[in-house]
Structures are given as structure tokens and as C-alpha cells.
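User: I would like to learn how to read salt bridges in a structural model. Could you take me through them step by step?

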Amino acid sequence: MEKFIAQLLKDFENGKMSRRHLIQTVAVAASVYGAGEEAANAAPSTGFKTIAVNHISYQCPDYTIARDFYANLLGMENLPEHDNGNQAYLAFGPKEGGAWMLPRGFADSSKPNPLAASRGDGGPRGGARGGNGRGSAPERPRTTALIDHIAFTVANFDKSRAEAVLKDWGLAARPDGDSFHVKDPFGFDVQISGNGMNAFGNR
């Protein structure tokens, strides 16, 4: 776009284009460019256009261990002022439009630990177990954590339209502030929001 306008100005300065023609051409070019940018963020006629991950909700037996792991190993920014004793907020990505990871403990959660039934004891498994006696590497520990939902940011989010789209899809939408939770075809919790949703106010 910049090269195109630069060439137009050069032609104008060299007398190859009238001032009126220059203004008309720039106006048309700007309209086409703007339409293209809007189209890039436009949602499909039957759904949404995802542009980012807003946050990832991560449940585990001890959120402080998860918090320190992701902060120290992967450089996520821990925000201790928002730590409420049961969950932490870790920011990553650009300052504007970045994402959050929310490590959360099972103990005080309103939801029961979904992994307890498979373990039978309700408590976390230990660390990596020993080898299998044949000289092979130790087995990896079984997971004691899960991602209970992911929040996606969609372009041009409008709550009324979003609710209508989800209804057309036959989905039971659960409102959550300026967002909705729905279940994907395999029962996974997906949160859909606009670009302005703040992780602090939406769970």
C-alpha cells in the first residue's frame, strides 16, 4: 500500500496525474485496503473467526507448583497481586492481545477433582515411577492435571449475535460475563469471547 501511494505521489509530482485524479485514486485504494483488512477478520457466515487464545484454565493438585514451573521454565509473567490462594494468573505473549494461563488447585474448586475416580484415592500420584525391570527408561508419571477449558478470542464479537449463532448450532450456551461457554462435540468446555475480555473477571 505504501509503495503504491508513493508511486502515485511521484506521478503527481512529475505531472503525469492531476490533483483530482490523485485524490480519487487514493480514496478508492484506501477503501479496497480497508475492505480487505475487515474481510480478513470477518467471521464465516455460520460461525466465528478465531484470532487468539484468551486464556487456558489449568487444574492441578497444587497450583503453586504449576505456577512456578511455567513462570520459571517458560518465562510466563506471574502476577502475584491477583493470586487468591487457589489460583494464579500467568501472562504470556504481547502486552496487548496476549494470553493468560490460570493454574488452579482442585482443593477449593467448586468442581470435584475429575481425576480422583480413576485413581481411587482422590490424591495426586507421586513422581516418576521406577523402571520396568528390563533396563528401560523410567515410565513417565501419569497426569494429575487437566485443561478444563480454553477461552478463544473471536473477531468482531457481539454478544447478541454470538448467542444467536450458538443457538443456530444447537449448542447450550452458558453466559459468563461478556462471553459464552459451550461444549465441543467431545464434551470439552470452550469459552468464546471478544478481544476485550479480561481474564480476571471471567472464569
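**Reading the salt bridges**

Analyst: Let us begin with one acidic residue in this predicted model: E77 is partly exposed, its relative accessible area being 36%.

User: Which residue forms a salt bridge with E77?

Analyst: The general criterion is a side-chain nitrogen of Lys or Arg within 4 Å of a carboxyl oxygen of Asp or Glu. Here the partner is K95, with the closest N and O atoms 3.2 Å apart. Because K95 lies in the loop between β3 and β4 (99–105) while E77 belongs to strand β2, the pair ties together parts that are 18 residues apart in sequence. K95 itself is exposed, at a relative accessible area of 74%.

User: How many salt bridges does a search of the whole structure find, and which residues are linked in a network?

Analyst: The search finds 4 salt bridges, and R67, D68 and D83 are linked in a network of them. Within that network, D83 pairs with R67, the closest N and O atoms being 3.1 Å apart. Since D83 sits in the loop between β2 (77–78) and β3 (90–92) and R67 in helix α3 (residues 63–74), this pair ties together parts that are 16 residues apart in sequence. R67 counts as buried at 17% relative accessibility, whereas D83 is partly exposed at 24%.

User: Is D189 buried or exposed, and where do D189 and R174 lie?

Analyst: D189 is buried, with a relative accessible area of 7%, and its side chain meets that of R174 in a salt bridge at 3.9 Å, N to O. The pair links distant parts of the chain, with D189 in strand β8 (residues 189–193) and R174 in strand β6 (residues 174–175), 15 residues apart. R174 counts as partly exposed, at 43% relative accessibility.

Note on methods:
Residues numbered from 1 in each chain as written. Predicted model: local features only at pLDDT ≥ 70, side-chain atom pairs only at ≥ 80, totals over all residues. Heavy atoms only, no water. Helix = DSSP H or I, 4+ residues; strand = E, 2+ residues; numbered from the N terminus. Buried < 20%, exposed > 50% of the residue type's maximum accessible area, 1.4 Å probe, protein only.
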